[in-house]
Amino acid sequence: MRFCRRASGAAALSGYALATLLGTQVQTAHAFDLSSLDVFGLFTKKDEPPAANAATLPYRLEFDLGQADDAKALTRTLQDASLLYRLRQDAPPDGETLARRMAVDLNPLVDALWSEGYFNAEVAITVDGATLKVGAEPDASLIRALEAHRNRDAVPIAVRVAPGPVFGLRNVAVSERGITGAPAIANPEKVTRLKPGDPATASALRAAQAALVDNLRAQSRPLAKVVELRPVVDHAARIMDVTYVVEPGPVAGFGDISIGDTADIPPAVVRSFIYLEPGDPYSPKALTDTRKSIATIPAIASVRIREDDKLDAAGNLPIFVEVTERPKRLIGFSARYSTIDGPAVKTYWEHRNLFGGAERLRIEGDVFLAPRIDGTKIRDIGDFEKSDLGGRFGFSFLKPALGGSRYDWLLDGVATRQRVGTNRYGGYTARYGNVTTAIQRRFSDTFSISAGLEVEKGQTSDVLGQVDYTLVGIPLSVKYDSTDSLLDATRGFRASASVTPYPTFLGSTVGLVQSKAAFSAYYALDEDARYVLAGRVGLGSISGADLDEVPSTRRFYAGGGGSVRGYAYRTLSPLGPLGRLTGGRSLFEGSVEARIKVTDTIGLVPFFDAGTAFEGSVPDFKQRLQMAAGLGLRYYTAIGPIRVDVAAPLNPRKGDKPVALYVSIGQAF
């Protein structure tokens with residue numbers, strides 16, 4: 001941020017170049033320095049200068065800011081700007097070269113102080129009483145003071161800074177060029193968020209400049225730019241006036257959308273996931289949504305959307321889209337654990353472009369510990385039986401953009417052997433196979449519907465008896481998702497609903513209709529989404545058959561890491577004979593969370609869950625809801641948050657554990 005010292009800035013730039021050049025001329029001086037063998041710097045203390053020797057002048061650098069309030073942070077800013085600091089391990093050959101390096105450092109140090117609003121700052125570099133100030137050239141006395149340390153010790157260089165007060169802003173104005181009538185930015189203060197009295201720092205001014213451009217682009221002005229920044233500093237009054245000169249540019253729409261390099265992915269598939277149309281009003285959000293939409297194609301690794309730098313003949317902005325392809329084959333392994341549900345492992349194989357049309361085939365297998373529900377326990381390895389292992393084998397196939405359309409074909413199959421419940425409340429055992437095929441229609445990047453055919457055959461057994469069944473149904477579903485992230489949503493909401501009739505005339509052994517619905521919402525309390533409120537509601541219903549006719553796997557249960565935390569998986573339901581779980585014909589679940597980022601990578605999440613299954617086909621809430629509360633820890637990574645939740649039942653039943661621990665990737669919902 002060089003407001004009034006362009007000549008000095010130019011001198012500093014040439015000084016940088018000179019210092020860099022001089023720094024490259026001393027490599028041979030370290031030819032026999034064994035520290036140079038420490039390639040990765042594992043054994044060298046960077047703040048310790050090289051040893052004194054006859055060939056070079058190593059130096060020790062100190063920053064002295066006196067009693068400055070923010071001395072620690074300001075020291076880091078000065079170190080980032082200092083050539084002396086960056087080259088402290090590269091000792092110059094003589095006093096003249098070191099003196100020149102010191103002189104080159106002064107202007108960048110002043111610039112760094114100005115960038116933090118210290119426009120009356122004073123900087124001097126001293127060595128044994130010899131002082132070098134801004135605008136002065138190194139003299140013979142300084143060079144002699146430097147040479148006096150040759151082959152004795154490191155030269156003690158001190159950067160002495162008197163920062164003075166931080167200047168504040170007084171007047172902030174926005175001047176628009178090429179606009180007639182009402183200004184494009186009606187309330188500059190609201191957009192820039194700069195107020196009189198705010199510190200006049202470079203970061204604040206840059207943020208305001210970016211906010212002005214973002215505001216104009218959101219008004220469908222894609223060519224908007226800030227062409228000039230005019231700061232005026234009053235050193236006596238310790239204030240700054242600043243004027244932004246902007247060119248809003250014309251209002252425009254989207255022009256032609258060109259698909260560039262797509263590797264082995266058909267361009268028609270990429271085009272299918274673009275919901276922009278030429279002539280639509282220009283919108284940065286629309287581009288962000290388009291990038292996210294294209295990225296949902298499993299075969300695509302990254303999406304680049306480039307805007308033209310000029311409008312076309314119709315006054316619209318052409319758009320260019322390019323994608324890169326992921327590795328076609330993937331094999332992986334994962335493990336999960338909770339103190340209630342126990343351990344589980346999964347392995348999977350995936351091909352992301354099976355037939356050259358971005359088709360995805362995924363095959364996976366799970367092995368998990370099946371909880372005992374007969375009153376016995378595994379006390380040692382000798383008690384373990386084969387029936388204590390559960391398993392699941394499944395495949396899923398996706399053919400996106402059938403014929404370049406917005407229709408997708410989905411085919412899924414699964415074979416499962418499982419035992420669900422607890423010793424205290426019993427549960428059920430199940431063996432079944434399921435195949436489902438569906439056609440999905442995407443109307444936008446947020447809304448889709450699907451319809452298909454499902455066939456399932458299996459056997460379940462619980463306290464109500466054994467059910468051997470065949471189900472043939474027609475699943476219908478609708479989904480809406482306007483959230484900003486799949487694994488860590490901070491804004492928007494998700495809604496899904498499905499209904500599947502299983503009529504006997506299609507071959508089902510029991511006629512029933514199963515319905516499900518889920519809704520979750522996310523609200524950020526601040527712009528940076530460091531404080532987020534999240535809520536979820538889930539509902540379910542089965543009609544058309546008595547409870548004992550419905551397979552146990554189709555009945556509703558609550559409880560577990562993705563439901564009511566603190567209770568074992570699928571153990572919240574009505575109780576039948578002998579006080580054993582029977583499952584229900586309806587379901588209610590609800591959760592609320594406060595997601596609080598303590599740092600950029602660490603977050604805390606207090607939460608409350610409630611829910612259960614009900615006997616009737618509609619929740620009547622006569623049955624007691626089971627409730628739980630807890631605290632979660634989040635570690636935010638590039639791929640999503642790592643979740644650790646500790647939950648405790650608030651109204652536990654006899655036999656429920658007092659605390660449960662859950663570990664996974666992604667938020668709970």
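**Exercise 1: the cavity**

Task: Find how many cavities of 30 Å³ or more this predicted model has, and work out what kinds of residues line the largest cavity.

Solution. Start with the idea behind the search: rolling a probe the size of a water molecule over the atoms shows where empty space is left. Here the count comes to one cavity of 30 Å³ or more. For the largest cavity, the volume is about 30 Å³. Next, go round its wall. You'll meet Arg536, Gly561, Gly562, Ser563, Arg565, Ser591, Asp609, Ala668 and Phe669. Now sort them by class: the lining has two nonpolar, four polar and three charged residues. If the glycines puzzle you, note that Gly counts as polar in this scheme.

**Exercise 2: one face of a helix**

Task: Decide where the buried residues of helix H5 sit around its axis, and say what they pack against.

Solution. First pick out the buried residues. Helix H5 covers residues 140–147, and Leu142, Ala145 and Leu146 are buried there. Then look down the axis of H5: these buried residues fall within an arc of 100 degrees, so they line one face of the helix. Finally, see what that set of residues meets. The buried residues of H5 pack against helix H4 (95–115), along with strands S2 (122–127), S3 (130–133) and S4 (155–162).

You can check one of these neighbours from the other side. Take alanine 130, which belongs to strand S3. With a relative accessible area of 15%, alanine 130 is buried, because buried means under 20%. Leaving out residues up to four places away in sequence, alanine 130 touches Ile125, Leu142 and Ala145. Leu142 and Ala145 are among the buried residues of H5, so the contact shows up from the strand as well.

**Exercise 3: sorting aromatic pairs**

Task: Describe the geometry of the ring pair phenylalanine 63 and tyrosine 85, then do it again for phenylalanine 443 and phenylalanine 447.

Solution. The structure holds 13 aromatic pairs, and we'll take two of them. In the pair of phenylalanine 63 and tyrosine 85, the ring centres are 6.4 Å apart and the planes make an angle of 65 degrees. Planes over 60 degrees apart count as edge-to-face, and that's the label this pair gets. Where are the partners? Phenylalanine 63 is in strand S1 (residues 59–64) and tyrosine 85 is in helix H3 (residues 83–86), 22 residues apart, and the pair links distant parts of the chain. Phenylalanine 63 counts as buried, at 14% relative accessibility.

Now for the second pair. The rings of phenylalanine 443 and phenylalanine 447 have centres 5.5 Å apart and planes at 35 degrees, so this pair is tilted. Phenylalanine 443 has a relative accessible area of 40% and is partly exposed. Phenylalanine 447 counts as partly exposed too, at 30% relative accessibility.

One more thing to look for: Trp114, Phe119 and Phe167 form one aromatic cluster.

**Exercise 4: positive phi**

Task: Say where aspartate 128 and alanine 401 lie, and whether each is buried or exposed.

Solution. Begin with the background: most residues other than glycine have a negative phi. Aspartate 128 isn't a glycine, yet its phi is positive, about 50 degrees. Aspartate 128 lies in the loop between S2 and S3 and counts as exposed at 51% relative accessibility. That fits the rule, because exposed means over 50%.

Alanine 401 isn't a glycine either, and its phi is positive at about 55 degrees. You'll find alanine 401 in the loop between strand S14 (389–399) and strand S15 (407–422). With a relative accessible area of 4%, alanine 401 is buried.

**Exercise 5: two loop residues**

Task: Place leucine 506 and aspartate 69 in the model and find how accessible each one is.

Solution. Leucine 506 sits in the loop between strand S20 (492–502) and strand S21 (512–524). At 35% relative accessibility, leucine 506 counts as partly exposed. Setting aside residues up to four places away in sequence, leucine 506 touches Val472 and Ile474. Its C-alpha atom is 10.0 Å from that of valine 455, a residue 51 places apart from leucine 506 along the chain.

Aspartate 69 is in the loop between S1 and helix H2 (71–81). Aspartate 69 counts as exposed, at 83% relative accessibility. From aspartate 69 to arginine 634, the C-alpha atoms are 33 Å apart in space, while the two residues are 565 apart in sequence.

Technical notes. Residues are numbered from 1 along each chain as its sequence is written. This is a predicted model: local features need pLDDT of at least 70, side-chain atom pairs count only at pLDDT 80 or more; totals for chains, interfaces and linings use all residues. Side-chain values use heavy atoms; hydrogens and water are left out. On a 1 Å grid over the protein atoms alone, a cavity is a set of points where a 1.4 Å probe fits but cannot get out, and a pocket is an open set with protein on both sides within 12 Å along at least five of seven lines; lining residues have an atom within 4 Å of a point. Grid points are joined across faces, edges and corners, and a volume is the space filled by probe spheres set on the points. Buried means under 20% relative accessible area, exposed over 50%, partly exposed in between (1.4 Å probe, protein chains only). Helices (H or I, at least four residues) and strands (E, at least two) are DSSP runs, numbered from the N terminus. The arc is that of the directions from the helix axis to the C-beta atoms. Contact means heavy atoms within 4.5 Å. Rings of Phe, Tyr and Trp (its six-membered ring) pair if their centres lie within 6.5 Å; planes under 30 degrees apart count as stacked, over 60 as edge-to-face and the rest as tilted.
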